[in-house]
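Trainee: I should like a close look at one part of this molecule, the interior. Could you take me through how it is built and set it within the chain as a whole?

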Amino acid sequence: MSNHIKDYRDSLLPDIKFKGRKVCVLTNYRTGSTFFIRETFLSNRIMPMGDWEHFNNNKSFEFLLDELKQRTAFVFKLMPDQIQLDEAKYNDILGECDEVVYLYRRDFEAQARGWIAWNMAGDHDHHYGELKRYDIKITQEVADKYCQELIDNYKFMNKSFKKFPGNVYCLEDFPIQVPYSRIYNWQSQIVIPNFNTHKQVFRT
């Protein structure tokens with residue numbers, strides 16, 4: 001997804017200041033990462049890569065890594081499964097960065113339901129504006145697959161945090177949150193596994 005910043009208003013997250021100029025935001029899906037990238041640009045003035053999820057496209061890993069090498073300053077968000085949970089690739093990425101920060105969501109059930117609904121709705125273009133409604137039909141088996149994607153990403157983040165400590169930010173701690181203009185009508189009953197993101201990811 002390509003995003004463009006045209007706004008030079010005051011940031012809604014003015015207290016978040018990066019230490020580096022080449023910043024990787026290691027995160028997961030449905031953590032408010034788009035909001036985080038936009039608002040921290042307004043307070044740090046570090047231009048994000050063209051695709052904010054820089055490693056989430058069809059170009060080769062080597063090409064995308066080389067794009068980082070050509071920039072003197074950047075910020076991008078990285079979900080671990082976008083590099084196939086590959087620690088060697090991750091080490092290569094951090095070799096081009098001078099800071100890694102972590103962004104997560106404390107309410108795992110809300111996060112998982114948001115990730116499931118986002119995928120099942122099939123509309124990945126609508127974010128803000130007109131309020132749209134989506135009917136969500138899903139089996140427990142498919143729901144479990146999406147939950148496991150989030151858990152696997154969090155386990156990777158835990159390994160990274162132990163090896164590369166950095167500032168940790170949480171969606172629920174933001175003073176202002178701007179959810180997407182979407183409402184989901186759940187037509188299936190599913191169970192979300194218990195997963196304490198703060199305890200299992202950021203307590204070493």
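**The interior and its setting**

Mentor: The chain exposes about 10,600 Å², of which carbon and sulfur atoms supply 47%. The model is a predicted one, and every value that follows should be read in that light. Buried residues account for 49% of the 204 residues in the chain.

The framework comes before the interior. The secondary structure consists of 6 helices and 6 strands, and from the N terminus on the order of the elements is β-α-α-β-α-β-α-β-α-β-β-α. The radius of gyration is 17 Å, close to the 17 Å given by the globule rule for 204 residues, so the chain is as compact as a globular protein of that length. Taken along the principal axes, the box filled by the C-alpha atoms is roughly 50 × 35 × 35 Å. Among contacts between residues at least 6 apart in sequence, 82% join residues at least 24 apart.

Turning inward, the largest nonpolar core has 42 residues, and the members that touch the most others in it are F55, F76, L78, Y90 and I93. At least two residues of this core come from each of β1 (22–26), α2 (61–69), β2 (74–78), α3 (87–94), β3 (99–104), α4 (108–121), α5 (140–163) and α6 (197–202). With 9 residues, α5 gives the most to this core. Another core, of 17 residues, lies apart from it and includes L13, W52, A73 and V101.

Y90 deserves a closer view as one of the members with the most core neighbours. Leaving aside residues within four places in sequence, Y90 is in contact with L26, L78, I83, V100, Y102, F156, S160 and F164. Of these partners, L78 is itself among the members that touch the most others in the core.

The partner S160 merits separate attention. S160 is placed in helix α5, the element that gives the most residues to the largest core. Its relative accessible area is 4%, and S160 is therefore buried, the limit being under 20%. Once residues up to four places away in sequence are set aside, S160 touches L26, Y90, Y102 and P165. L26 and Y102 also appear among the contacts of Y90, and both residues therefore meet S160 as well as Y90 within the 4.5 Å that defines a contact.

Charge completes the account. The chain carries 28 positive and 28 negative side chains, and the centres of the two sets lie 3 Å apart.

Methods:
Residues are numbered from 1 along each chain as its sequence is written. This is a predicted model: local features need pLDDT of at least 70, side-chain atom pairs count only at pLDDT 80 or more; totals for chains, interfaces and linings use all residues. Side-chain values use heavy atoms; hydrogens and water are left out. A nonpolar core is a set of buried Ala, Val, Leu, Ile, Met, Phe, Trp, Tyr and Cys residues joined through side-chain atoms within 4.5 Å. Buried means under 20% relative accessible area, exposed over 50%, partly exposed in between (1.4 Å probe, protein chains only). Helices (H or I, at least four residues) and strands (E, at least two) are DSSP runs, numbered from the N terminus. The radius of gyration is taken over C-alpha atoms; the globule rule is 2.2 Å times the number of residues to the power 0.38. Accessible areas come from the Shrake-Rupley method with a 1.4 Å probe; for residues, only the protein chains shown count as cover. Lys and Arg count as positive and Asp and Glu as negative; His and the chain ends are not counted. The place of a charge is taken as NZ of Lys, CZ of Arg, CG of Asp or CD of Glu.
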